[in-house]
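Hi everyone, thanks for coming. Let me put the structure up on the screen, and then we can walk through it together.

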Amino acid sequence: MKIINFGSLNIDNVYNVQEFVKPGQTIFSNSFQIAAGGKGLNQSIAAARAGAQVIHAGCIGSNGSFLADLMQDAGVDISHLLTLDAPTGHTVIEVNSSGQNRIIVHGGTNQMLTQDYLDAVLSKAAPGDLALLQNETNLIASILLKSHEKGLKIAFNPSPMPQDLASLPLHLVDYFMVNELEAAQLANLPADTPYESILDCLAEKYPHAAIIMTLGHNGVLFLRENLRLSHPIFPVEAVDTTAAGDTFCGYFLAALCRNVPIETALREASAASAIAVSRPNAAPSIPLYEEVAYFLRSF
């Protein structure tokens, strides 16, 4: 079982600040870095470092070659990655003194996938493989439909939340990877709705899907049919939360590929995410599986 990730690749412009900038305000940053990022890239690297076989499908510009190099070094198959004559997707990220972040995304080449390209990538898929997608690329509906037609399981991280949510064939999704805000939006409920009520609503809307809802300091909840599980966070000092959710997603799906119990998948993914938030930047913060195994020996 392999993961085919139709994923974004971004050049992250990271500004460390004392406090987030307010409307109309101009502030100095404490530091600035350019780093590799993008939800797709982060999730591919996390899954590969967790031991999964990962094919990354996406597009970069000529200024994004270091993104391809980083994924290849992590063990990701980049043979289907396209280089286009256009700017690579990029982000502007504020990280404040408590490690929280705010992110603005410019799509760039991430918005240039074509139907022919999807078909070419999926020609390498086998029934039972796992298609992973986020909402930082175009052709989301086509990826969902074509992946289902090929007999793939589908994991969807709807971030940023699609504006055309009602038009997407979300009944085809097998795993929704969401944080608490995304889960509330997906359920069309207020953000302050109790977590269990959000889960109940999503279970009613998507009865055949598993819901994996990360809750920041409150850990993670899992629901599939009658199986409800939770896992707390591992206590670490937060430095940068930028890739926390992506690390969790990649590690959780990699564990599914190994057919381990869901409880084990939640534990490993939570540990990997804890390690990631204790380090700066996005992709560089994602741990190797050996680091996660060593970390877990302390708990």
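Before we look at a helix pair, one convention: angles of 65 to 115 degrees between axes count as roughly perpendicular. Please also keep in mind that this is a predicted model.

So, the pair I have in mind is helix α8, residues 262-277, and helix α9, residues 289-296, which pack at an angle of about 100 degrees with their axes 9 Å apart. That angle makes α8 and α9 roughly perpendicular to each other. On the α8 side the contact involves Arg-267, Glu-268, Ala-271, Ala-272, Ala-274 and Ile-275. They meet Tyr-289, Glu-291, Val-292, Phe-295 and Leu-296 of α9. Sorted by type, the residues of this contact are eight nonpolar, three charged and no polar.

Stay with α8 for a moment, since Arg-267 turns up again. His-231 sits in strand β14, and its contacts beyond four places in sequence include Leu-266, Arg-267 and Ser-270. The other contacts of His-231 in that set are Asn-218, Gly-219 and Val-220. Is His-231 buried or exposed? His-231 counts as buried, at 14% relative accessibility.

Now for some helices and their buried faces. A reminder for this part: an α-helix has 3.6 residues a turn, so residues three or four places apart point the same way.

Start with α2, residues 65-73, where Leu-67, Ala-68 and Met-71 are buried. Looking down the axis of α2, these buried residues fall within an arc of 100 degrees, so they line one face of the helix. What covers them includes β2 (10-16), β3, α1 (39-49), β4 (54-57) and β5 (59-61). Just after α2 comes Gly-75, with a positive phi near 100 degrees.

Next is α3, with Tyr-117, Leu-118, Val-121 and Leu-122 buried. Down the axis of α3, the arc holding the buried residues is 125 degrees, so again they line one face of the helix. Among the elements covering them are β1 (3-6), β4, β6 (82-84) and α4 (140-149).

And then α6, residues 195-205, whose buried residues are Ile-198, Leu-199, Cys-201 and Leu-202. They fall within an arc of 165 degrees about the axis of α6, so they too line one face. Their cover includes α5 (180-187), β12 (210-214), β13 (220-224) and β14 (227-231). You will recognise β14 as the strand that holds His-231.

Let me pick out two more buried residues. Ala-36 is in strand β3, residues 31-37, and at 4% relative accessibility Ala-36 counts as buried. Not counting residues up to four places away, Ala-36 touches Asn-10, Asp-12, Leu-41, Asn-42, Phe-66, Leu-67, Leu-70, Ala-282, Ala-283 and Pro-284. Leu-67 we have met already, as one of the buried residues of α2.

The other one is Thr-109, in the loop between β8 (101-106) and α3 (115-122). How accessible is Thr-109? Its relative accessible area is 0%, so Thr-109 is buried. Leaving aside neighbours within four places, Thr-109 contacts Cys-59, Ile-60, Gly-61, Leu-84, Ala-86, Pro-87, Thr-88 and Gly-89.

A few words on cysteines, as somebody usually asks. How many disulfides does the structure hold? The count is zero. Take Cys-249 as an example: the closest cysteine sulfur, in Cys-257, is 11 Å from its own, too far for a bond. A disulfide would need the sulfur atoms within 2.5 Å. Both residues are buried, Cys-249 with a relative accessible area of 2% and Cys-257 with 15%.

Finally, some backbone details to look at on the screen. The peptide bond from Ser-159 to Pro-160 is cis, with omega near -10 degrees, and Pro-160 lies in the loop between β10 (153-157) and β11 (175-179). Then there are two asparagines with positive phi. Asn-188, in the loop between α5 and α6, has phi near 60 degrees. Asn-259, in the loop between α7 (244-257) and α8, has a positive phi of about 60 degrees. Are these asparagines buried or exposed? Asn-188 is exposed, with a relative accessible area of 68%, and Asn-259 counts as exposed, at 68%.

That's my tour, thanks for listening!

Definitions and conventions:
Residues numbered from 1 in each chain as written. Predicted model: local features only at pLDDT ≥ 70, side-chain atom pairs only at ≥ 80, totals over all residues. Heavy atoms only, no water. Buried < 20%, exposed > 50% of the residue type's maximum accessible area, 1.4 Å probe, protein only. Helix = DSSP H or I, 4+ residues; strand = E, 2+ residues; numbered from the N terminus. Arc of directions from axis to C-beta. Contact = heavy atoms within 4.5 Å. Axes fitted to C-alpha atoms, helices over the stretch in contact; angles between N-to-C directions. Parallel < 35°, antiparallel > 145°, perpendicular 65-115°, else oblique. Nonpolar A, V, L, I, M, F, W, Y, C, P; charged D, E, K, R; others polar.
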